[in-house]
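Biologist: I would like a close look at a single part of this protein. Please take the sheet, strand by strand, and then show me what surrounds it.

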Amino acid sequence: MNPNLTDWDDDLPPEPEQAYQDLLRALKRKSGFGLFFVQCTPVEADKFIVKLPQEIPQKKIAVLRLVEAIDNLYQPVAEFIKDKQIDILLIKGLEYSLYKYEKRSFGEITEGQFSNLTSVPHILNHLNQQRERFRDDLPVSFVFLLRSFSINYFIHRAPDFFDWRSGVFELPTTPEVLIEESNRLLLEGYYEEYLKLSAEQKIEKVIEFQELLTEKHQPDNQKPRLLFELGNLLYAAKEYEAAIASYDQALKLKPDDHEAWYNRGSALYNLVRYKEAIASYDQALKLKPDLHEAWNNRGSALYNLVRYQEAIASYDQALKLKPDYHQAWYNRGVALDNLVRYQEAIASYDQALKLKPDYHQAWYNRGVALDNLVRYQEAIASYDQALKLKPDYHQAWYNRGVALDNLVRYQEAIASYDQALKLKPDDHEAWNNRGNALVNLVRYQEAIASYDQALKLKPDYHQAWYNRGVALGKLGRYEEAIASYDQALKLKPDDHQAWYNRGYALDNLVRYQEAIASYDQALKLKPDYHQAWYNRGIALGDLVRYQEAISSYDQALKLKPDDHQAWYNRGNTLNNLVRNEEAIASYDQALKLKPDDHEAWNNRGVALGKLGRFEEAIASYDQALKLKPDYPSPFYNKACYYALQSNIEQALENLQQTINLNPDKYREMAKTDSDFDSIREDERFQALIQ
């Protein structure tokens, strides 16, 4: 019949010394198979192992020391006692087989929680299943020397084996042993050493601390130190909540322990509880104002709360105490960066690098600050230093590429992006920027391949869809470009540039109505987008909606009065409406801005001719020809006007020039142009148009 396991400790007598005597009597009386569980510390266990043969000389006693985790106890025990006469087998070290299966957090271990255990260690499964074999094959009294932690495991996870116990005993812990064990743990207490421990070793240490702290003979003055070290161990295990609980207990007993306040602050910092961390650092600094690490960490907590100015003040305090504190100089630089005080940030990074020249992160951040000051060449030099120290720093390769892009050194930029992608092939931004550099090198097909890689990694990357559309447009693949812009707009409907470029692609497909609708969307989002007003005017002109086109050009010119092309196109549209005076005024504005625009001079001449102002018209054509002597249109227009004035020689001379430059087009035009009716029968004219 199973006993009530929650009352197992009824087996333990109230006084450990009496328990020891009871254990001796039980072992003396027992012959054959038996299970004894002895709760003790490792030191007490070693003392018991030495002392027991002296207490019971009539019994043959052996010791099996386990130094690593095992899943099977029967086999090593059977081999150990084979061909030996053993009455009592002391087994020490079974804990190692439990530590690696411990699934509770360290905080739960220190609180002694066992109700939520989720798995059974293999060794305990084995003992449950093999208990009959132990009884039938091994006529030995087994004495398991265990910590209270391990006994709890037996109770909760090996009840079948534990039920056959002959008794549970607690060895007395002397105050001397307690002090010795406590001092040993405290002397071993170095954070760097804790970091080297395996998970199982950390669990073992936590349990050691926990058991020493619950010992009734533990001196009060020792408890704060043990709790502080337990906190440090839990901190090293990244069990920050449990660490804080330990520091809190230490501070309850010793409120003036500045180290505990400082470490508590660091644990809170790691839990992203920055305000509480600052309060802890403040307590540490109240007790020890010259604790430079606390000033630095306080600054970092303030930084994470976006209180950059206060953070800088904290870093300054740290540096006042320790001017060679490179980490504080670096952190100060980062805070200044976030305040857009780039020059001061660079000065801080320089100080950090003066103290620690191999600090790659400082070189990198210095490069970023220089980038923000548009000092790209210096930024590249900083990134190069970072990469010299850390060649696999993909972000530095990426930023270096961006800086080279800004210096129009596209080929080198691509090489940098390639290095970044070699290290981090899933960097969608690097693929996108690589595509942009290829576009700038007119390598559109390769650019599209780069954008496709970016989109494979991040299908909702609207900028890559947009850039892909631009590259497709450059290749004249307008339908595909529109499809790309549509994807970009699906993701970011307020991208005025995508609406504009979509309109431009539709323009090129002679889908003017749709183009206008796209320009309208762009203008709805950005009413001061003069280029969209301008292109909208062109599309309206192509639809012979001249009055609306003029209104669009007017809007463009209102926003950008020095846009000579808008003045020129406005003049052409007015020409189409036979508003010749206004057209001339528009051409004059265009020519005022761009006096070498031969087409504007030519079209101005056309408008003047329509007004019968032939001399001025011819003067305009001459200006066009002065700028572009191989421009056939002014020669033709002059020939027309000279023919209308019956100036046959000049008419034929200019027509000859025109036909010399473009025979097919202008011969056909002259055959039916009524301006030449007065000279049509002239043999020389007939010869020219044949």
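Modeller: What follows starts with the whole chain, goes to the sheet, and then moves outwards.

This is a predicted model, in which local features need pLDDT of at least 70, side-chain atom pairs count only at pLDDT 80 or more, and totals for chains, interfaces and linings use all residues. Residues are numbered from 1 along each chain as its sequence is written, and side-chain values use heavy atoms, with hydrogens and water left out.

Start with confidence. pLDDT is the predictor's confidence in each residue, from 0 to 100. The protein chain averages 90, and 88% of its residues score at least 70. Two stretches need care. Residues 1–14 stay under 50 in pLDDT. The model gives them 21 contacts beyond four places in sequence; a contact means heavy atoms within 4.5 Å. Residues 113–117 also have a pLDDT below 50, with 14 contacts beyond near neighbours in sequence.

Now the chain as a whole. It has 39 helices and five strands. Helices (H or I, at least four residues) and strands (E, at least two) are DSSP runs, numbered from the N terminus. Of the 690 residues, 51% are buried. Buried means under 20% relative accessible area, exposed means over 50%, and partly exposed lies in between (1.4 Å probe, protein chains only). Take the contacts between residues at least 6 apart in sequence: 60% of them join residues at least 24 apart.

Here is the sheet. Its five strands are ordered 2-3-4-1-5, the sheet is open, and the pairing is parallel. Two strands pair if DSSP finds at least two bridges between them. Strand 2 (61–65) and strand 5 (165–170) are the edge strands, each pairing on one side only. From one strand to the next, the twist averages 20°. Axes here are lines fitted to C-alpha atoms, for helices over the stretch in contact, and angles run from 0 to 180 degrees between N-to-C directions.

Look closely at strand 4. Strand 3 (residues 88–92) pairs with strand 4 (residues 141–146) in the parallel sense, over five bridges. Ile88 has Ser141 as its bridge partner in strand 4. Lys92 has Leu145. Strand 1 (residues 34–39) also runs parallel to strand 4, and six bridges join them. There, Gly34 is matched with Ser141.

How enclosed is strand 4? Six of its six residues are buried, so strand 4 is largely enclosed by the rest of the structure. In a regular strand the side chains alternate between the two faces of the sheet. In strand 4, Ser141, Val143 and Leu145 point one way, while Phe142, Phe144 and Leu146 point the other way. Residues on both sides are buried.

Next, Ser97. Ser97 sits in helix 4 (residues 96–99). Its relative accessibility is 0%, so Ser97 counts as buried. A polar atom of its side chain lies 2.9 Å from the backbone nitrogen of Ile70. For reference, a polar contact is a pair of N or O atoms within 3.5 Å; within protein, one must be able to donate a hydrogen and the other to accept it, and residues adjacent in sequence count only if both atoms are side-chain atoms. Leaving out residues up to four places away in sequence, Ser97 touches Glu68, Ala69, Ile70, Pro121 and Ile123.

Now two helices further along the chain. Helix 12 (residues 223–236) has 14 residues, which should span 20 Å at 1.5 Å a residue; its end C-alpha atoms are 20 Å apart, which agrees. The expected span is 1.5 Å times one less than the number of residues. In helix 12, 12 of the 14 residues are buried, so this helix is largely enclosed by the rest of the structure. Among them are Phe228, Glu229, Asn232 and Tyr235. Just after helix 12, Lys238 takes a positive phi of about 65°.

Helix 13 (residues 240–253) also has 14 residues; the expected 20 Å agrees with its end C-alpha atoms, which are 20 Å apart. Its buried residues include Tyr240, Ile244, Tyr247 and Leu251. An α-helix has 3.6 residues a turn, so residues three or four places apart point the same way.

Last, two loops. Val306 lies between helix 16 (292–304) and helix 17 (308–321). Val306 has a positive phi of about 65°, although it is not a glycine. Its relative accessible area is 54%, so Val306 is exposed. Val340 lies in the loop between helix 18 (326–338) and helix 19 (342–355). Val340 is not a glycine, yet its phi is positive, about 60°. Val340 counts as exposed, at 54% relative accessibility.
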